[in-house]
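Reader: I'd like to learn how to read a protein model. Could you walk me through this one?

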Amino acid sequence: QATRSSMNSTAQILSGTKRPRDDDDKINNNEEHGADANGSKSAEQQRPPQFNVRPMEAYHKKRTNDSIHSTIDLCPAMQVMMNSQPYFQRLRKLKQLGVSESVYVTATHNRKEHSLGVAHLAERLARRLATRQPQLGITEKDILCVKLAGLCHDLGHGAYSHVYDGPFLDWMRAEQEEATRSNDAGDIASGATPLPPIPEGWTHEDASMDIVDAILAAQGMKVDMNNLGGPLKQVGDGVDAQRFGISSAGEFGYCP
């Protein structure tokens, strides 16, 4: 029963039906007011005054040791994403290699370790491309986006990683079909908790995007789908959405 309850809660988060601040869409950031003669608005005008926000400078440079890469720097934007409970920290308990440790007993690393390594290598790759192929015009903003994508790409994995995507979900679907037949026959016990529905075509990549939305909402931010190249929207107390990932000097990925 506890396992089914946990699966139900997890499925709600992964499917996007359970997110912080479900009423985010109701917040319009005062878009009806504050435009200048050209129709544009400053960052201060776009930010609703009722929210308490933290500047990115409140986060200082941190680093973690790594058995492969020696040291991995954690910029403020990475810290914002990683410090969100339980979304990123749940990766500590997800096995990267599924049940492989049952045979190879030292194959025990987890999705959090993997995600940190991917973020680190993604940044190194982007910086090397920027240096060796300047004609590409790769900016610090581009590098930060690639790094954060590497950090967050596996957020939607379930228990035992791809075992969850494959055999476990196959079992869940079979259980749902059986539960439906039992319900039709009137065999379900009174008060029994039904299994959560599995969206058609669901993948852990879909869940990763849902969880990124949930992390941002928990930090008072939201992606502006009408302005994907612009700053995030401020939808609550938390990190300064207009300056997310940017220092006072306008530097992306800034680590004071």
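Author: Let's go through confidence, layout, cores, surface and salt bridges in turn.

Author: This is a predicted model, in which local features need pLDDT of at least 70, side-chain atom pairs count only at pLDDT 80 or more, and totals for chains, interfaces and linings use all residues. Residues are numbered from 1 along each chain as its sequence is written, and side-chain values use heavy atoms, with hydrogens and water left out.

Reader: What is the mean pLDDT of the protein chain?

Author: pLDDT is the predictor's confidence in each residue, from 0 to 100. Here the chain has a mean of 76, and 73% of its residues reach 70 or more. Over residues 1-11 the value stays under 50, and the model has ten contacts there beyond four places in sequence (a contact means heavy atoms within 4.5 Å). Residues 13-17 also have pLDDT below 50.

Reader: How many helices and strands does the chain have?

Author: Helices (H or I, at least four residues) and strands (E, at least two) are DSSP runs, numbered from the N terminus. This chain has seven helices and six strands. Their order from the N terminus is α-α-β-β-β-α-α-α-α-α-β-β-β.

Reader: Which residues have the most contacts inside the largest nonpolar core?

Author: In soluble globular proteins, nonpolar side chains tend to be buried together. Buried means under 20% relative accessible area, exposed means over 50%, and partly exposed is in between (1.4 Å probe, protein chains only). A nonpolar core is a set of buried Ala, Val, Leu, Ile, Met, Phe, Trp, Tyr and Cys residues joined through side-chain atoms within 4.5 Å. In this model the largest one has 30 residues, and Met78, Met81, Leu148, Leu151, Met221 and Phe244 have the most contacts inside it. Strand S3 (70-74) and helices H3 (76-82), H4 (111-132), H5 (140-152) and H7 (204-218) each give two or more residues to this core. H3 gives the most, with five. Leaving aside residues up to four places away in sequence, Met81 touches Phe88, Leu148, Leu151, Cys152, Val212, Ile215, Leu216 and Phe244. Another core, of six residues, lies apart from it and includes Tyr164, Leu169, Ile198 and Trp202.

Reader: Is Leu125 buried or exposed?

Author: Leu125, found in helix H4, is exposed, with a relative accessible area of 53%.

Reader: And which residues form a salt bridge with Arg63 and Glu123?

Author: Side chains of opposite charge can pair when their charged atoms come close. A salt bridge is a side-chain nitrogen of Lys or Arg within 4 Å of a carboxyl oxygen of Asp or Glu. The structure holds six of them. In one, Arg63 pairs with Asp73, their closest N and O atoms being 3.4 Å apart. Because Arg63 sits in strand S2 (residues 62-66) and Asp73 in strand S3, the pair ties together parts that are ten residues apart in sequence. Arg63 is exposed at 53% relative accessible area, while Asp73 is partly exposed at 33%.

Author: Glu123 forms a salt bridge with Lys147, with 3.6 Å between the closest N and O atoms. Glu123 is in helix H4 and Lys147 in helix H5, so this pair ties together parts 24 residues apart in sequence. Glu123 is buried, with a relative accessible area of 16%, and Lys147 is buried too, at 4%. Salt bridges that share partners join Glu123, Arg127, Glu140 and Lys147 into one network.
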